[in-house]
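Open the model in your viewer and keep the selection panel at hand. The stops below say what to select and what to look for there.

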Amino acid sequence: MVQKVLITDNIAENGIKLLKREKDIRVDVRIGISPEELLEIIPEYEALIVRSQTKVTRDVIERGERLKVIGRAGVGVDNIDVQAATEKGVIVVNAPEGNTISAAEHTIAMLLSLVRRIPQANSSLKSGRWDRKKFMGSEVRGKTLGVIGLGRIGSLVASRALGLEMKVLAYDPFISKERAKELGITLTSLQEVIMKSDFITVHTPLTDATRHMIGENEFKMMRKGVYIVNCARGGIIDENALYNAIKSGKVAGAALDVFEEEPPVNSPLLELEEVIATPHIAASTFEAQKSVGLIIAEEVINALKGLAVKNAVNLPPIKPEEYEFLKPFLMLGEKIGILSARLIEGEIHEVHVKYYGVLASSDTAYVTRAVLKGVFDSILGGGVNLVSAPMIATSRGIDVVESSTTETDNYTNLIEVELHGKNQVRKVMGTSFGKQDIRIIKIGDYNVDFIPKGHVIISLHEDRPGVIGRVGMLFGKYNINIARMHVGRTVDVPGGIAIMVLNVDNPPSSEVLSEMERLDGIVNAIHVNFGG
Ligand code: NAD
């Protein structure tokens, strides 16, 4: 089925190309479309890609009845009603890592320009002067850089500062000491960063907690002659307090890429010789734009294909390395969800997901979402995603119970899903051997070992000679190729009822399945489509 993507702000050509390369995706580029036109055409589209100009309001989202994903080519999502998107199960993705390097490099450029007074010297020279004494600077080597906010950009700035042989002190209450140690950085209190740094650079988001986190009191505690850099968000530093601190001589200079009001109107800071400034361009590089365009195109493609996305704004945040680790388990969880829902009849009351082994110590909330996606996709015939899956459970009154244990017998990791319905419980377990190699290893009490991919027939049969041969004959008659076959028992003794799992290259019709169920020795047979 062809899905349509609407692009309403400028994104890099390489991203558009990537989208167009997908044979099931059609791309319409309508830069500068009016809000009225957007409302009119949005019902046709499965995806909308914007930068910061297009306002994606609640109305747009509600009228976009086919919308699955909104891509923001950049970071901030102030122009998107994320709450409305979440309520409708629309994934909002952004590309926060796309401009990280550019922002970090700009920060370093600002720091060096500030301490060597390059912009001032440049203006002076161009206005006809040759003033070498006035522009005496300082080295940064051996000086202390205080980094507030050690996230993506803060940590890159810190590592670049170490390359300049600076000492780095950092404050970030949400980063572990181990992570800082890996980066070779000393994590300390905000007060110590403020008191002991020769340069202070902020890299936090602007939140209620960070608004004016550097204000009059903090400036009082700083070393005399400190330099301040803000390439993060205007408002983290109190501009009035900064002005006073520069005027009093406490702060030697400030480099600002961002302002409380943008563009800044009549800002007294811009009149100060000690202040150098750029118009919010830290992320403005060709490389960042290309990278953001590619990332957003990839994310939108993944979301349209129902695959996991890395940067969903309306999902709990996940670190890139954690995401890489969880990727096979997201796939496995979804497949177990599909299978368990296929095995249960009637309504589901509870979903129990249990994680074993190495999984127990990771952030499994995502995997539980993937399990629910599989369950509900099976029941609702598709269209469920990681954002909407938990909401579907809540709206249907289905309890989701998650637990974990580090213990396992023969596997390093296991996911066990139990669906509780009216008078029935269905249990499926699976494991991952590597990035691509996922297996179902238990259905109820039956030990199995098969790859949950494509079309699979699962059948119970009497454990006696001849039954499997009859199944082979039947599939041969209908030209259905059996790619893999697995037979399993609950306990390893002959007789009783055994399980047969067939990976087939093409799906069997319901007539073939019925004929299979009528074969001598076959108890039942179901077809499960696990997808790719
Ligand atoms: P990030 O989310 O990776 O990192 C932010 C860090 O701030 C996190 O580690 C978080 O734990 C920390 N933090 C949050 N609250 C804090 C607090 N109260 N005290 C100390 N630390 C706190 O974000 P990022 O991608 O590194 O971006 C950092 C900032 O840079 C953001 O404000 C972003 O909007 C801005 N940015 C600006 C430009 C530009 O053009 N000037 C470009 C890109 C990003």
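**First stop: H1 against H12**

Select helices H1 and H12: Asn14, Gly15, Leu18 and Leu19 of H1 are in contact with Lys290, Gly293, Leu294, Ala297, Glu298, Val300 and Ile301 of H12. By class, the residues of this contact are six nonpolar, three polar and two charged. Show residues 13-21 for H1 and residues 286-304 for H12; the two helices pack at an angle of about 25°, and their axes are 7 Å apart. H1 is therefore roughly parallel to H12, since angles under 35 degrees count as such. The crossing of the two helices, H1 and H12, is right-handed.

**The whole model**

Zoom out before going on. This is a predicted model. The protein has 532 residues, of which 50% count as buried. Its secondary structure comprises 17 helices and 22 strands. Measuring tools aside, the C-alpha trace spans about 100 × 55 × 40 Å along its principal axes. Of the contacts in the protein with a separation of 6 or more, 65% are between residues 24 or more positions apart.

**Ser102 and the end of H5**

Select Ser102, which is in helix H5, residues 100-116. Is Ser102 buried or exposed? Ser102 counts as buried because its relative accessibility is 10%, and the cut-off for buried is under 20%. Now display the surroundings of Ser102: leaving out residues up to four places away in sequence, Ser102 touches Ala282, Ala283, Thr285 and Ala288.

Move along to Arg117, in the loop between H5 and helix H6 (118-126). What is the sign of phi at Arg117? The value is positive, near 55°, in a residue other than glycine. Most residues other than glycine have a negative phi. With a relative accessibility of 21%, Arg117 counts as partly exposed.

**A cis peptide bond**

Select Glu262 and Pro263 together. The peptide bond from Glu262 to Pro263 is cis, and its omega is near -10°. Most peptide bonds are trans. To place the bond in the fold, colour strands E11 (251-256) and E12 (275-277): Pro263 is in the loop between them.

**Along H14**

Select residues 365-380, which form helix H14. From the first C-alpha of H14 to the last is 22 Å, close to the 22 Å expected for its 16 residues at 1.5 Å a residue. How many residues of H14 are buried? The count is 12 of 16, so H14 is mostly covered. Turn on the side chains of H14 to find the buried residues: Tyr366, Val367, Thr368, Arg369, Ala370, Val371, Leu372, Lys373, Gly374, Val375, Phe376 and Asp377. After H14 comes Gly381, with a positive phi near 75°.

**An exposed loop residue**

Go to Asn423, in the loop between strand E15 (413-421) and strand E16 (425-432). Asn423 has a positive phi, near 60°, and is a residue other than glycine. Check its surface as well: Asn423 counts as exposed because its relative accessibility is 80%, with the cut-off for exposed at over 50%.

**Val501 in E21**

Select Val501, which lies in strand E21, residues 497-504. Which class of burial does Val501 fall into? Val501 is buried, and its relative accessible area is 0%. Show the neighbours of Val501, not counting residues up to four places away in sequence: Val501 touches Val448, Phe450, Val456, Ile457, Ile458, Arg484, Met485 and His486. Then add Leu460 to the selection. Leu460 and Val501 are 41 residues apart along the chain, and their C-alpha atoms are separated by 8.9 Å.

**Last stop: H16 against H17**

Select helix H16 (residues 467-477) and helix H17 (residues 510-518). These two helices, H16 and H17, pack at an angle of about 155°, with 10 Å between their axes. H16 is therefore roughly antiparallel to H17, as angles over 145 degrees count that way. The crossing of H16 and H17 is right-handed. Show side chains to see the contact, made by Val471, Leu474, Phe475 and Lys477 of H16 with Val512, Glu515 and Met516 of H17. Sorted by class, the residues in the contact of H16 with H17 are five nonpolar, no polar and two charged.

Conventions. Residues numbered from 1 in each chain as written. Predicted model: local features only at pLDDT ≥ 70, side-chain atom pairs only at ≥ 80, totals over all residues. Heavy atoms only, no water. Helix = DSSP H or I, 4+ residues; strand = E, 2+ residues; numbered from the N terminus. Expected span 1.5 Å × (residues − 1). Buried < 20%, exposed > 50% of the residue type's maximum accessible area, 1.4 Å probe, protein only. Axes fitted to C-alpha atoms, helices over the stretch in contact; angles between N-to-C directions. Parallel < 35°, antiparallel > 145°, perpendicular 65-115°, else oblique. Left-handed = near helix turned anticlockwise from the far one by under 90°. Contact = heavy atoms within 4.5 Å. Nonpolar A, V, L, I, M, F, W, Y, C, P; charged D, E, K, R; others polar.
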